[in-house]
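Hello,

Here is the structure I promised to pass on to you. Please have a look at it first, and then read my notes below.

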Amino acid sequence: LISPRMASGMQEKQYTPSLLSFFIYNPKFGPREGEEEKKILFYHPIEIEKNEKIRNVGLCEAIVQFTRTFSPTNPAKSLHTQKNRQFFHEAEENYWMVMVVRNPMVEKPNKDGKPPTVEYQEEEIIDSVYGSVLQQCYCMYKLFNGTFSRAFEAGGVELLTQKLEKFFYRYLQTLHLQSCDLLDVFGGISFFPLDKMTYLKIQSFVNRVEESLSLVKYTAFLYNDQLIWSGLEQDDMRILYKYLTTSLFPRHSEPELAGRDSPLRPEVAGNLLHYGRFLTGPANLKDPDAKFRFPRIFVNTEDSYEELHLIVYKAMTAAVCFMVNAAVDLNREFCEQLDSLVGPQLTLLASDICEQFNINRRISGPEKEPQFKFIYFNHMNLAEKSTIHMRKTASVSLTSVHPDLMKILGDINCDFARVNEDEEIIVKAMTDYWVVGKKSDQRELYVILNQKNANLIEVNEEVKRLDMMGMDYFTTLKLSIVQVLLTASV
Amino acid sequence: DNMHRSDNRGSWEFQPEDTLTEETGNFPSTLAQANFKIMSESWRQHRKHVFVLSEAGKPIYSRYGNEEALSSTMGVMMALVSFVQAGGNMIQSIFSDEHTVVFLQKGPLVFVSVSATRQSEQQLRRELLHVYHQIVSMLTQASINRIFERRKNFDLRRLLFGSEKVLDGLLDVMDSDPSFMLSAVQCLPLPSSSRDALSHILQKAITPDLVFSFLIANNRLVSVVQEKTVLEDARLKPSDLHLLFNLIRASAFQAGEIWMPICLPLFNHDCYFYAYVAYLDPPECTVCLVLLSTDKEAFYAVAECKRKIEEAFASQNALQWVANTQLYYVDDISVANLRHFLYKPSKVLDHHRQLSQEERIRLLDPYRNMHNRIHSTSRPLKLIYHSAGKETLLAWVTSKFEMFACFTPLVTKKSAISELTKLLRWIKKEEDRLFIFIYAFPLTFQSQPCKRQSVTQNVKK
């Protein structure tokens, strides 16, 4: 007997949230009737008919204006409809960015050839998560293109629309909305925990290089995709970090993993003195005819507004970013100088760090790193740590817990955001998981415990115990962070 | 200041903005900008605005301000609804840092709530649904639909003239009474013997077509009896009771009696009952008798029932039982850290009054937030323990009850749990006195027609 379900291949189909449209507009550019098209600076998907674009932009304007009726300074941030959700972000004065996300839905098949019933699951999307994703889109654009207003000043609407088109066409393809979660709200940086000695070695390396290469304005030092030191302002480093770890590093990771004889392996310098190479700029220093250029980035856009060359140089798992004033012409000579100066030192440093790290682990034992599932974030220095995410790149976020639990964390984070006080929220979820959220001193900690028959007291004891265990870990984390803070302010 | 109710009823000017939207299909941004200036700061400061308008964009009600002056704002709201609808979609809500705007459409009526209370969308929408039902309770759903079918431009204010205070009252009570959040009705604590005796008196005072008799004291339900043969499997929903109580409150009469049509929307949204309402204890007017009949002409017969009830009460001095009712305080149970609680066994609710009215209203906000999280359709929770600067809050739902409690901020988890356990034990002990188990058991059937059945007999399971 074949079950009717199987016979007609009836299966429930689950659709994850996806990008429906994304547009940028400025109402000042087309204030009069008949000029509406002029407001639109970027619109994806491009195939949408002109009048529909105008109508969609008009709706957003109307909603923003309507909410201003009730609070002039706090207009709409999101619009919820049955089928989709729209997020609004006024990135710069009068420049609005809108992202439209289709709600996750379930398609349930019907018998007798009737069309399937669609059930929209609005609760699955948390506003703070996608709102943050939208804001980050702007930050990433700004990192590589500077502000909207500057582009407009330099080359009018034409230049601005050109830049927007060029950037967002590619960038939107990297958005993976089905795997966004609490970490997108934080937009934090993972720090590499170091002992004092090694930290000082790195610092003196940076000082030496900056002294020898006087052109270098800012430096950032990363190891293993984690930050150790940065001379940039927090907000700039945060977006640069995201770019490095989700775009640049993954693109260049394969050659390093390739075997010794693989054609992918980069040409090592003739003298085999070091493993350093450029990730941006000259791919092969030995070829004198090869053209190269460094990507430009824009930092300190609120005050000094600096345009810089971004030099990323890597040796094994250590990567250094050198940022030089864009007005300077960086030629082959400079690159060779940098290569011979930094290559050997960085190679040595990288193996030092590795060795020291292994020694430390052996001493303190594997229990030093807390074994429980948690997410930690510090608002002051943007330090973030998650033992729940096994791999988080632009394209995938593998979590070891059920997505519903991640959304519960998102809910708790929203509740925390309402007041500026220290709080603790403990919840028991339907599946007998306990989630503990703690907020104190600008830090947030979320712990997920799977303790089926535990009660509140037992859970409380467990968390206290984990807190103690975690104390050392977090202390080390804090120590290196304090060092970063101190040196960054110099 | 033009911020009071419009006296201009029944005439409605067709606004030019309406044609603009239709012509171009675009949003005239001038439309939205225009009403920006009218609004005063004090109008903006209100915590929750509620607007009712028709599908044609005509204003029907606004909680604050002159709805005539707000007609262009309402026009914008309707335009937003239609615009999204035209795309085969449905507008639900708009969120900003300070406000949540929630939309609800029921038939030809559109309801909009603009709230700074941080309630969830679902909670706000439920409140709008209550507003809709309150309007239905005055007009019936069938007649609302019929009116607008014939004339899309009808000005419903004509029919709701004088009823704004009913809606005002409903909105005020929803903001201060947790009964709405819990979809339950508060009962007057009474020993079951007293309650049974009162119910018995109500049961005896009958007349044909009388279907419900309620006894209410201080806004709490004392007893309900229901005619069995006319309304066999019917159940009264708490929401209908709230609407009924609100209508009575809003009519604000004291001496004498009222005879008014009322529809109970969840019971039957298309027809009227006729309610006889009188206070049994003038001039204090705390004990209210409500008799519902299906016969419009039955006033005298129903008034006679009231007289019989009054007589029976007087002979047994029944009003004293109600007056003597002891509201309990948490001190009774010696739980030093527990400041306040709400408890609802699967159907009915109660709470106590240790805190001031203001504090209890303030607690509604965090309670509602926890209620929303616990009852989430996609990720419901069983328990929330939230310790913050001002207090520690707990929300707990099991198959038998749901409970919200507020403790002093420094309470340890151990004490909180132990006090809660003490409280639960106490509630269990006092169950009879605290709750009316209206829905917990099947009605016992009588063989003769028109014999009244008391729904308040506590049949223990």
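A salt bridge here is a side-chain nitrogen of Lys or Arg within 4 Å of a carboxyl oxygen of Asp or Glu. Between chain B and chain A the count is 5 salt bridges, and over all chains it comes to 33.

Some housekeeping: this is a predicted model, in which local features need pLDDT of at least 70 and side-chain atom pairs count only at pLDDT 80 or more, while totals for chains, interfaces and linings use all residues. Residues are numbered from 1 along each chain as its sequence is written, chains are lettered from A in the order in which they are written, and side-chain values use heavy atoms, with hydrogens and water left out.

**Where the chains meet**

One salt bridge across the interface pairs R373(B) with D415(A), their closest N and O atoms being 3.0 Å apart. On the side of chain B that touches chain A, strand β13 (residues 381–387) of chain B gives the most, with 7 residues; strands and helices are DSSP runs (E, at least two residues; H or I, at least four), numbered from the N terminus. Strand β19 (residues 423–429) of chain A runs antiparallel to β13(B), and 6 bridges join them (strands pair if DSSP finds at least two bridges between them). Within this pairing, K428(A) has L383(B) as its bridge partner.

The contact (heavy atoms within 4.5 Å) takes 57 residues from chain B and 55 residues from chain A. The two chains bury about 5,200 Å² between them, 57% of it on carbon and sulfur atoms. Buried area is the accessible area (1.4 Å probe) that two parts lose on being put together, summed over both. R379(B), K382(B) and K413(B) supply 14% of the area that chain B buries against chain A, more than any other three residues.

**Salt bridges within a chain**

In chain A, E124(A) and K407(A) form a salt bridge with closest N and O atoms 2.7 Å apart. The two residues lie 283 residues apart, with K407(A) in helix α9 (residues 403–418) of chain A. Both E124(A) and K407(A) are buried, that is, under 20% relative accessible area (exposed is over 50%, partly exposed in between; 1.4 Å probe, protein chains only).

In chain B, K48(B) forms a salt bridge with D175(B), at 2.9 Å between the closest N and O atoms. K48(B) is in strand β1 (residues 48–54) of chain B and D175(B) in helix α7 (residues 164–176) of chain B. Both K48(B) and D175(B) are buried.

Best wishes
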